[in-house]
Protein chains: 2
Amino acid sequence: MATPGIRPLDEQEMGAWHALIRAHSRVIRRLEVELDAEHGLSLPAYEVLAHLSMAPEQRLRMSELAVHAVLSPSGLTRLVDKLAREGLVCRDKCSADARVVYAVLTSEGRTRLKAAYPTHLRGVREHFIDLLTTQQRDAVADALGGIVERTNAECEAVVAAACESAEQDAELTRQES
Amino acid sequence: MATPGIRPLDEQEMGAWHALIRAHSRVIRRLEVELDAEHGLSLPAYEVLAHLSMAPEQRLRMSELAVHAVLSPSGLTRLVDKLAREGLVCRDKCSADARVVYAVLTSEGRTRLKAAYPTHLRGVREHFIDLLTTQQRDAVADALGGIVERTNAECEAVVAAACESAEQDAELTRQES
DNA sequence: ACAGATTTATTGCATGTGCAAATACCTGCC
DNA sequence: GGCAGGTATTTGCACATGCAATAAATCTGT
């Protein structure tokens, strides 16, 4: 329990740490307010719609969405419930593996996403991207991106497995139809 | 509503944006898990205790805490409720202004904070600081710190504008009536 | 072929959180 | 003095969210 040997954070380290916490908080807060006010969407909801819109056939398994989204599996289930109630996505059972459920973007969901896109884009630019120089953006992507990759390494196996099985599903589906 | 003129995010911009979101999510999640498992404290709770411990007389007004903490005023009230129930802080009314309430760190709170400090420090180092080079830490502090300051400035501007328009409204109202 | 381990998604439950309204108080103006 | 308007904090309410348990389907080894 006694772990005395750790060096306390110096000014620079503290600066980087607090900058991350506060900058994230500010930017996210603003984005959420704008997105909700103008389109009635939460940020996680927007991200789910956006991921679906970029996916092949505009559909993804719940587990794939959960990996991409910043949400726990149960949180995702509830979010998709809500989006389905609003008609923006629908669920579709996988014929090859009855355990998996696809979330599929509806045309209404596409419409709503297209409407919300400019708001989100403007927000990200206004509250984040445009406040940084090109060099700063590179530096952020490098530093924080590195952290993401290193922490990914630990769940790499899981992700890899998910990708493989996704490909297999795709093949199976193709063969069926 | 139609805002067609905004340039979409390019690879580099997208990279910086996603890096911020994901890195924050990963680091915070881990810190929370460790802090809760080893000391039964949430991250906001730890931050409140830490802020109090650094304050003169180990006491701060609720409003001061709310500014430092990443929490809404109502969220802070509830968090202090909880910490008070556990005996880690106590409330103290201000004799000069009966509206303000001080949150004061108790000796038990100090003890708990001292116990949790190594865990938090180790977590921040392990999941964030030590994954970056000195240059990267500088870059993050520079870029994200700049965002915090700029958004601070905007807040003040908005507040100032609100005050002005409020004054103007007040004048108009006065003239009307 | 089949029992047990594993994977995928959902649900029960408890808790965290924000917004808006309410409360209690202070301040300046008449 | 006393009221209009502002400020500091709390509370009512609704909703988001995570963990652990559950349900259902698939895989694995024998």
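Let's start in chain B of this predicted model, where strand E1 (residues 59–61) and strand E3 (residues 101–105) pair in the antiparallel sense over three bridges. One of the residues involved is B:Arg59, whose bridge partner in E3(B) is B:Val104. On to strand E2 (residues 89–93) of chain B, which pairs with E3(B) over five bridges, again in the antiparallel sense. Here B:Cys90 stands opposite B:Val104. So which residue of E3(B) do we meet in this pairing with B:Cys90? B:Val104, the one that stands opposite B:Cys90, and B:Val104 is also the bridge partner of B:Arg59.

Put those pairings together and you get an open sheet of three strands in chain B, with the order E1-E3-E2 and antiparallel pairing. The edge strands are E1 and E2 of chain B, each of which pairs on one side only. From one strand to the next, the twist averages 30°. There's a helix on this sheet too: helix H2 (residues 43–54) of chain B packs on it and touches E1, E2 and E3 of chain B. If you look at the directions, H2 makes about 90° with E3(B).

Now zoom out to the two protein chains. How is chain A superposed on chain B? A rotation of 180° with 0.0 Å of shift along its axis does the job, at an RMSD of 0.1 Å. The two copies are thus related as by a two-fold rotation axis. The contact between them takes 43 residues from chain A and 43 residues from chain B. On the chain A side, the elements that give two or more residues are helix H1 (11–39), H5 and helix H6 (134–176). H6(A) provides the largest share, 15 residues. By class, this side of chain A divides into 25 nonpolar, nine polar and nine charged residues. And 100% of the interface residues of chain A are also interface residues in chain B, so the copies meet through the same surface.

For a single residue to look at, try A:Arg125, which sits in helix H5 (residues 107–127) of chain A. Leaving out residues up to four places away in sequence, A:Arg125 touches A:Asp130 and, across in the other chain, B:Ile6. A:Arg125 has 17 C-beta neighbours inside 10 Å, so it counts as partly exposed. To get a feel for distances here, take A:Glu108, 17 residues apart from A:Arg125 along the chain: the C-alpha atoms of the two are separated by 26 Å.

That leaves the DNA. Around DNA strand C there are 24 residues, and those that come nearest are A:Ser63, A:Ser74, B:Ser74, B:Gly75 and B:Ala98. Two or more residues each come from helix H3 (62–68) and helix H4 (73–85) of chain A, and from helix H4 (73–85) of chain B. H4(B) gives the largest share of this surface, five residues. The surface near DNA strand C divides into nine nonpolar, eight polar and seven charged residues.

What about DNA strand D, and which of the 25 residues around it come nearest? They are A:Ser72, A:Ser74, A:Gly75, B:Ser63 and B:Ser74. The elements giving two or more residues to this surface are H4 of chain A, along with helix H3 (62–68), H4 and helix H6 (134–176) of chain B. For DNA strand D, the largest share, five residues, comes from H4(A). By class, the surface near DNA strand D has 12 nonpolar, six polar and seven charged residues.

Notes
Residues are numbered from 1 along each chain as its sequence is written. Chains are lettered from A and ligands numbered from 1 in the order in which they are written. This is a predicted model: local features need pLDDT of at least 70, side-chain atom pairs count only at pLDDT 80 or more; totals for chains, interfaces and linings use all residues. Copies are superposed by least squares on the C-alpha atoms of residues with pLDDT of at least 70 in both. Two residues are in contact if their C-beta atoms, placed from the backbone, lie within 7 Å. A residue is near a molecule or strand if its C-beta atom, placed from the backbone, lies within 6 Å of it. Helices (H or I, at least four residues) and strands (E, at least two) are DSSP runs, numbered from the N terminus. Ala, Val, Leu, Ile, Met, Phe, Trp, Tyr, Cys and Pro count as nonpolar, Asp, Glu, Lys and Arg as charged, and the others, Gly among them, as polar. A residue is buried if 20 or more other C-beta atoms lie within 10 Å of its own, exposed if 12 or fewer, and partly exposed in between; C-beta atoms are placed from the backbone. Two strands pair if DSSP finds at least two bridges between them. Axes are lines fitted to C-alpha atoms, for helices over the stretch in contact, and angles run from 0 to 180 degrees between N-to-C directions.
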